[in-house]
Amino acid sequence: MIKLIVTDVDGTLLNDNHELHPDFWKIEEQLTKKGILFSIASGRQFYNLASKFEKIKDRTMFFAENGTYVSHKGKELYVNPIEKAAAIDFIKLGRKLENTNLVLCGKESAYIETKDEEFRNEISKFYERLQVVDDLTMVEDTYLKVTLCNFNGVEDNTFPHFVNYTDRYKVAIAAKVFIDITSLNANKGNAIKGIQKELNISPEETLVFGDYLNDLEMMQVAKHSYAMKNAHPEIIQASNFVTSHDNNDNGVLRTIESLGLLNA
């Protein structure tokens, strides 16, 4: 019996226009009435997720910022920060890279030090609280992660510059244009494992959906792990199942319906 459902957001629950399917609210309500905890796991900021899911934020569990910040029913449960000195080093390195913009993701807000309009328009989709500062290294906040954006693609153009840090930090390719750097044990999977233990929910009772490399560990903590049809090849390989429909064809909700969870 499924007790916990965790889904990624972009490329998974949302379509490519970052829209929720209109059936979402009805299906989430049905799952909640059946005692199934429907949860959101994303690289997005908590405040952005709380705004996007405003109707259900008081009952939903959010694994925000790639699992570095967990909240349930509006209460902070868990914070896994990155060391400030390390974050500053990554910021300084990122500044040297061509076609690269930076986001410092703090507990209270996200911060950028550029007024580039294309970048701001893109990043504002994922951050409800966003401040422009003169110097990211001078920000006073709890640092959760450092995000680097390259519109030419990060897998080939950005990740190689950080590969030597992967033994000490989690360097996750979160989307085609984003890389997230967090503490080594900070990821969606570890955050979910902590909640499973706290709520006495087993991997056999957990259903997860994901599409990109920052979902990798999440695939490993659930027997019912579904890669989206549109997922990165490594996520498809790591999952136990693949959805029959992609994120633009309501793949998450269709799968939930096909599994009979609404009728159980």
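Let us start at S109, in a model that is predicted. S109 sits in the loop that joins strand 6 (101-106) to strand 7 (110-112). If we set aside the neighbours within four places in sequence, S109 is in contact with Q45, L104, R129, L130, Q131 and D141. One of these partners, R129, offers its backbone oxygen, which lies 3.4 Å from a polar atom of the S109 side chain. Is S109 buried or exposed? Its relative accessible area is 3%, and because buried means under 20%, S109 counts as buried.

Q45, one of the contacts of S109, leads us to the way the chain is divided. The domain assignment gives domain 1 (4-79 + 186-259) and domain 2 (84-183). The contact between them takes 20 residues from domain 1 and 25 residues from domain 2. Measured by neither eye nor ruler but computed from the model, the C-alpha centres of the two domains lie 23 Å apart. About 1,900 Å² of area is buried between domain 1 and domain 2, and carbon and sulfur atoms give 51% of it. Here Q45 turns up again: together with Y47 and Y212, Q45 supplies 30% of the area that domain 1 buries against domain 2, more than any other three residues.What else holds a place at this interface? The rule finds 3 salt bridges across the interface of domain 1 and domain 2, and it also finds 16 residue pairs in polar contact there. On the side of domain 1 that touches domain 2, the elements that give two or more residues are helix 3 (46-52) and strand 5 (75-79). Helix 3 provides the largest share of that side, with 3 residues. Elsewhere in the list of charged pairs, the side chains of E76 and K107 meet in a salt bridge, at 3.1 Å from N to O.

Now for strand 11 (residues 178-183), where 6 of the 6 residues are buried. Which strands pair with strand 11? Strand 9 (residues 143-149) pairs with strand 11 in the antiparallel sense over 4 bridges, and strand 10 (residues 169-175) pairs with strand 11, also in the antiparallel sense, over 6 bridges. Strand 10 and strand 11 form a hairpin, with 2 residues between them. You can follow these pairings residue by residue: V171 stands opposite I181 in strand 11, and L148 stands opposite I179 in strand 11.

L148 deserves a closer look. L148 is found in strand 9, and it counts as buried because its relative accessibility is 0%. Leaving aside neighbours within four places in sequence, the residues in contact with L148 include G94, T100, N101, L102, V154, T158 and F162. Others in contact with L148, among them V177, F178, I179 and I181, come from a later stretch of numbering. For a sense of distance, L148 and E65 are 83 residues apart in sequence, and their C-alpha atoms are 13 Å apart in space.

Next come the salt bridges, of which the structure holds 18. Side chains of opposite charge can pair when their charged atoms come close. K188 makes a good starting point. The side chains of K188 and D8 meet in a salt bridge at 3.0 Å, N to O. This pair links distant parts of the chain, with K188 in helix 7 (residues 188-199) and D8 in the loop between strand 1 and helix 1, 180 residues apart. K188 is also in a salt bridge with D215, at 2.5 Å, N to O. D215 lies in the loop between strand 12 and helix 8 (216-219) and K188 lies in helix 7, so this pair ties together parts that are 27 residues apart in sequence. Salt bridges that share partners join D8, K188 and D215 into one network. Are these residues buried or exposed? K188 counts as buried at 1% relative accessibility, D8 counts as buried at 4%, and D215 is buried too.

Another salt bridge, between the side chains of K33 and E29, has an N to O distance of 3.7 Å. K33 and E29 are separated by about one helical turn, because they are 4 residues apart in helix 2. K33 counts as exposed, at 67% relative accessibility, whereas E29 is partly exposed, with a relative accessible area of 39%.

Our walk ends at helix 10 (residues 251-258), whose buried residues are G251, V252, L253, T255 and I256. What do these buried residues pack against? They pack against strand 1 (4-7), helix 1 (9-13), helix 2 (24-33), strand 2 (37-41), strand 12 (206-210) and strand 13 (224-227). Just after helix 10, G260 takes a positive phi of about 75°.

Key:
Residues are numbered from 1 along each chain as its sequence is written. This is a predicted model: local features need pLDDT of at least 70, side-chain atom pairs count only at pLDDT 80 or more; totals for chains, interfaces and linings use all residues. Side-chain values use heavy atoms; hydrogens and water are left out. Buried means under 20% relative accessible area, exposed over 50%, partly exposed in between (1.4 Å probe, protein chains only). Two strands pair if DSSP finds at least two bridges between them. Contact means heavy atoms within 4.5 Å. Domain bounds come from an automatic or database domain assignment. Buried area is the accessible area (1.4 Å probe) that two parts lose on being put together, summed over both. A salt bridge is a side-chain nitrogen of Lys or Arg within 4 Å of a carboxyl oxygen of Asp or Glu. A polar contact is a pair of N or O atoms within 3.5 Å; within protein, one must be able to donate a hydrogen and the other to accept it, and residues adjacent in sequence count only if both atoms are side-chain atoms.
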